Amino acid sequence: MKTHAKETLYKQQRIGVFVDVQNMYYSARNIYNSKVDFKAILKQAIRGRSLIRAIAYVIKADVK
């Protein structure tokens, strides 16, 4: 992921990362025939800043 010219990252910034796991999982699988590297996503999102919270949202689907 490239950093935009106007995007400024400050080491003192505090960030939260919220991930819709199923959306990313199925998009990666169906569109790109690939898997999601959530660790790499988190690392890229943080980029040296202070992580306050990381939450991954998942729903339990009834399988019949």
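In the predicted model, the backbone oxygen of Ile 46 lies 3.0 Å from a polar atom of the side chain of Arg 49, and a polar atom of that arginine side chain is likewise found 2.5 Å from the backbone oxygen of Ala 45. Arg 49 itself is situated in the loop that runs between helix H2 (38-46) and strand E2 (50-57). With a relative accessibility of 14%, Arg 49 falls under the 20% limit and therefore counts as buried. When neighbours within four places in sequence are set aside, the residues in contact with Arg 49 are Leu 9, Tyr 10, Lys 11, Gln 13 and Ile 15.

Ile 15 and Ile 46 also belong to the largest nonpolar core, a set of five residues completed by Val 17, Val 19 and Val 21. Strand E1, which spans residues 14-20, gives the most to this core, contributing three residues. In soluble globular proteins, nonpolar side chains tend to be buried together. For Val 17, again leaving aside neighbours within four places in sequence, contacts are formed with Leu 42, Ala 45, Leu 51, Arg 53, Ala 54 and Ile 55.

Aromatic pairing was examined as well. The structure holds one aromatic pair, formed by Tyr 25 and Tyr 26, whose ring centres are 4.9 Å apart and whose planes meet at 85°. Because an angle over 60 degrees counts as edge-to-face, the pair of Tyr 25 and Tyr 26 is assigned to that class. Tyr 25, at 39% relative accessibility, counts as partly exposed, and Tyr 26 is partly exposed with a relative accessible area of 39%.

Notes: Residues are numbered from 1 along each chain as its sequence is written. This is a predicted model: local features need pLDDT of at least 70, side-chain atom pairs count only at pLDDT 80 or more; totals for chains, interfaces and linings use all residues. Side-chain values use heavy atoms; hydrogens and water are left out. A nonpolar core is a set of buried Ala, Val, Leu, Ile, Met, Phe, Trp, Tyr and Cys residues joined through side-chain atoms within 4.5 Å. Buried means under 20% relative accessible area, exposed over 50%, partly exposed in between (1.4 Å probe, protein chains only). Helices (H or I, at least four residues) and strands (E, at least two) are DSSP runs, numbered from the N terminus. Contact means heavy atoms within 4.5 Å. A polar contact is a pair of N or O atoms within 3.5 Å; within protein, one must be able to donate a hydrogen and the other to accept it, and residues adjacent in sequence count only if both atoms are side-chain atoms. Rings of Phe, Tyr and Trp (its six-membered ring) pair if their centres lie within 6.5 Å; planes under 30 degrees apart count as stacked, over 60 as edge-to-face and the rest as tilted.
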